[in-house]
Amino acid sequence: MLIVTTDYISGKEIEMIGMVKGSTIQSKHIGSDITQSFKTIIGGELKAYNEMMNNARALATKRMCAEAEELGADAIVGVRYSSAAVMQGAAEIMAYGTAVKFR
C-alpha cells in the first residue's frame with residue numbers, strides 16, 4: 001500500500017474511494033509511568049513514551065491500511081496523524097487519509 005501526505009501521486013491518475021482511518025489508545029504500565037515522571041524532574045527524553053507513541057502510530061497506520069485494502073484501494077493520499085491525551089499516561093493516535101484507486 002502506497003501512503004503519501006500529498007493529495008496526489010506524481011504520474012498517476014487516481015480515483016477517490018473514500019476516507020479511511022485507523023486508531024488506537026495506548027498506555028504505559030505503572031512502573032514505566034512512575035519512572036518517566038521522575039525523568040520530568042531532571043529533564044531529557046522520555047524514551048518509554050517515545051516508544052509507546054511510535055508503536056501506536058504504527059498500529060494506527062496498519063489499521064488504516066487494512067481498511068483501505070478492504071475497499072480495494074491501491075494507495076492512501078492526504079495522510080494525517082492526530083493525537084490526544086485520554087488520561088495521564090495514555091494517548092489516542094489516529095491515522096486518516098483518502099483511499100484511492102489508480103486508473
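**Close-up views of a predicted model**

**View 1. Lys21 and Glu67, a salt bridge between a strand and a helix.** Lys21 has a relative accessibility of 37% and therefore counts as partly exposed, since that class lies between the 20% limit for buried and the 50% limit for exposed residues. The model shown in this and the following views is a predicted one. The partner of Lys21 in this view is Glu67, with which Lys21 forms a salt bridge whose closest N and O atoms are 3.9 Å apart. Because Glu67 belongs to helix α2 and Lys21 to strand β2, the pair ties together parts of the chain that are 46 residues apart in sequence. Glu67 is likewise partly exposed, with a relative accessible area of 24%.

**View 2. Arg103 and Glu13, a salt bridge between distant parts of the chain.** The count of salt bridges in the model comes to two, and in this view the side chains of Arg103 and Glu13 meet in one of them, at 4.0 Å from N to O. Arg103 sits in the segment after β4, whereas Glu13 lies in the loop between β1 (2-3) and β2 (14-27), so that 90 residues separate the two along the chain. Both Arg103 and Glu13 are exposed.

**View 3. The largest nonpolar core and the surroundings of Val20.** This core is made up of 16 residues, and those with the most contacts inside it are Val20, Met64, Ala68 and Ile76. Two or more residues are given to the core by each of the elements α2 (47-70), β3 (75-87) and β4 (90-102), and helix α2 supplies the largest share, namely eight residues. When neighbours within four places in sequence are left aside, the contacts of Val20 include Met64, Ala68 and Ile76, together with Leu71, Ala95, Tyr96 and Ala99; Glu67 and Gly97 also belong to the contacts of Val20. A second core, separate from this one, has five residues, among them Val4, Ile9, Ala75 and Val77.

**View 4. Thr61, a buried residue of helix α2.** Thr61, which has its place in helix α2, counts as buried because its relative accessibility of 16% is under the 20% limit. The side chain of Thr61 is joined to that of Tyr81 by a polar contact of 2.6 Å. Apart from neighbours within four places in sequence, Thr61 is in contact with Ile3 and Ala95 as well as with Tyr81.

**View 5. Thr24, a buried residue of strand β2.** Thr24 lies in strand β2 and, at 8% relative accessibility, counts as buried. A polar contact of 2.9 Å links the side chain of Thr24 with the side chain of Gln26. Beyond residues up to four places away in sequence, Thr24 touches Ala56, Leu59, Ala60 and Arg63, and also Ala91, Glu92 and Ile93.

**View 6. Asn54 and Ile93.** Asn54 is found in helix α2 and, with a relative accessibility of 43%, counts as partly exposed. Although Asn54 and Ile93 are 39 residues apart along the chain, a separation of 9.8 Å lies between their C-alpha atoms.

**View 7. A nonpolar patch on the surface.** Ile25, Val86 and Met87 form this patch, and together they have about 310 Å² of accessible area. Met87, one of the three, is found in strand β3 and is exposed, with a relative accessible area of 57%.

Conventions:
Residues are numbered from 1 along each chain as its sequence is written. This is a predicted model: local features need pLDDT of at least 70, side-chain atom pairs count only at pLDDT 80 or more; totals for chains, interfaces and linings use all residues. Side-chain values use heavy atoms; hydrogens and water are left out. A nonpolar core is a set of buried Ala, Val, Leu, Ile, Met, Phe, Trp, Tyr and Cys residues joined through side-chain atoms within 4.5 Å. Buried means under 20% relative accessible area, exposed over 50%, partly exposed in between (1.4 Å probe, protein chains only). Helices (H or I, at least four residues) and strands (E, at least two) are DSSP runs, numbered from the N terminus. Contact means heavy atoms within 4.5 Å. A polar contact is a pair of N or O atoms within 3.5 Å; within protein, one must be able to donate a hydrogen and the other to accept it, and residues adjacent in sequence count only if both atoms are side-chain atoms. Patches are made of residues with over 30% relative accessible area and no salt bridge: like charges are joined within 9 Å, nonpolar side chains (Val, Leu, Ile, Met, Phe, Trp, Tyr) within 5 Å. Accessible areas come from the Shrake-Rupley method with a 1.4 Å probe; for residues, only the protein chains shown count as cover.
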